[in-house]
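Colleague: I am new to this one. Please show it to me, and let me ask how the labels were earned.

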Amino acid sequence: MRTVVVLPTYNEVENIAAILAAIRTAVPSADLIVVDDHSPDGTAALAETVAAELGQIKLLRRPGKHGLGSAYRNGFTMALDEGYDRIVSMDADFSHDPAAIPEMLRLIDNGAAAVIGSRYVPGGMTVNWSPWRRMLSRWGNRYTSFVLRLDISDCTSGFRAYRADALRAISPSTTTAEGYAFLTELVRRLVRRGFTVAETPIVFLDRERGTSKMSGRIIAESMLLVTRWGIRDFVKR
Ligand SMILES: Nc1nc2c(ncn2[C@@H]2O[C@H](COP(=O)(O)OP(=O)(O)O)[C@@H](O)[C@H]2O)c(=O)[nH]1
Ligand SMILES: [Mg+2]
């Protein structure tokens with residue numbers, strides 16, 4: 001079983017070296033793909049140095065900041081082209097604990113097509129998030145699962161594992177969302193195709209270093225797309 005961890009980065013120079021090492025420790029046999037959007041802080045150059053030291057790390061350098069969705073589209077396409085069997089996605093800011101990866105892979109091996117590291121199933125939680133972020137994410141997820149009729153508690157968690165054949169079947173490269181709505185788009189496609197999507201609890205820690213790239217525009221995009229998909233589903237029914 002070949003596993004790859006896809007890691008989008010934008011201005012993560014304070015986190016990149018440590019997170020690459022932590023992932024290597026948690027899943028020593030997994031390769032890594034760093035998808036960097038020409039971070040002005042030099043994340044890519046540092047990732048290259050670490051890659052030379054640790055090995056099994058590829059760097060996908062993109063010319064500019066094109067958003068999380070687009071970074072994942074590129075990273076997943078590369079992972080699928082290279083024939084990996086299991087594909088993990090996670091943030092580079094230590095909000096997602098690499099120690100949770102083995103359990104996610106175990107659930108994949110036990111039959112799940114995809115596993116979501118979920119903040120909103122029993123045992124899951126967010127730590128140190130501002131009340132505003134907490135409320136936005138919690139209610140955003142309630143709205144999403146209600147409108148799209150998805151029996152999933154956390155559609156916007158970026159900490160996931162996918163079986164490659166399931167990811168290939170929903171062709172991530174044809175998604176359109178720019179921000180984290182991309183994550184909802186993938187869950188929706190998986191569920192509609194009848195794939196089993198499992199959730200496993202995670203403790204999400206707010207980042208200690210660097211800054212969030214979340215913006216009002218990205219939040220608005222997510223609300224708009226979820227509403228649009230929901231109306232489309234309603235009309236079809
Ligand atoms: N390549 C790339 N990575 C991004 C972009 N926006 C965010 N990221 C990365 O995606 C992950 C999640 O973003 P973050 O800013 O922490 O969002 P938050 O956790 O929702 O506040 C981090 O590893 C970021 O560096 C982008 O436009 N391009
Ligand atoms: Mg983050």
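What follows is a short exchange about the labels and the values behind them.

Modeller: This is a predicted model, where local features need pLDDT of at least 70, side-chain atom pairs count only at pLDDT 80 or more, and totals for chains, interfaces and linings use all residues. Residues are numbered from 1 along each chain as its sequence is written, chains are lettered from A and ligands numbered from 1 in the order in which they are written, and side-chain values use heavy atoms, with hydrogens and water left out.

Colleague: Why is Asp37 called buried?

Modeller: Its relative accessible area is 4%. Buried means under 20%, exposed over 50%, partly exposed in between (1.4 Å probe, protein chains only). So Asp37 counts as buried.

Colleague: And why is Leu205 called partly exposed?

Modeller: Leu205 has 40% relative accessibility, so it falls between the two limits.

Colleague: What makes the link from Asp37 to His66 a polar contact?

Modeller: The side chain of Asp37 reaches the backbone nitrogen of His66 at 2.9 Å. A polar contact is a pair of N or O atoms within 3.5 Å; within protein, one must be able to donate a hydrogen and the other to accept it, and residues adjacent in sequence count only if both atoms are side-chain atoms. So the pair qualifies.

Colleague: Which backbone atoms make polar contacts with ligand 1?

Modeller: A backbone N or O atom of Thr9 lies 3.2 Å from a ligand nitrogen. Polar backbone atoms of Tyr10 and Ala92 are each 2.9 Å from a ligand oxygen.
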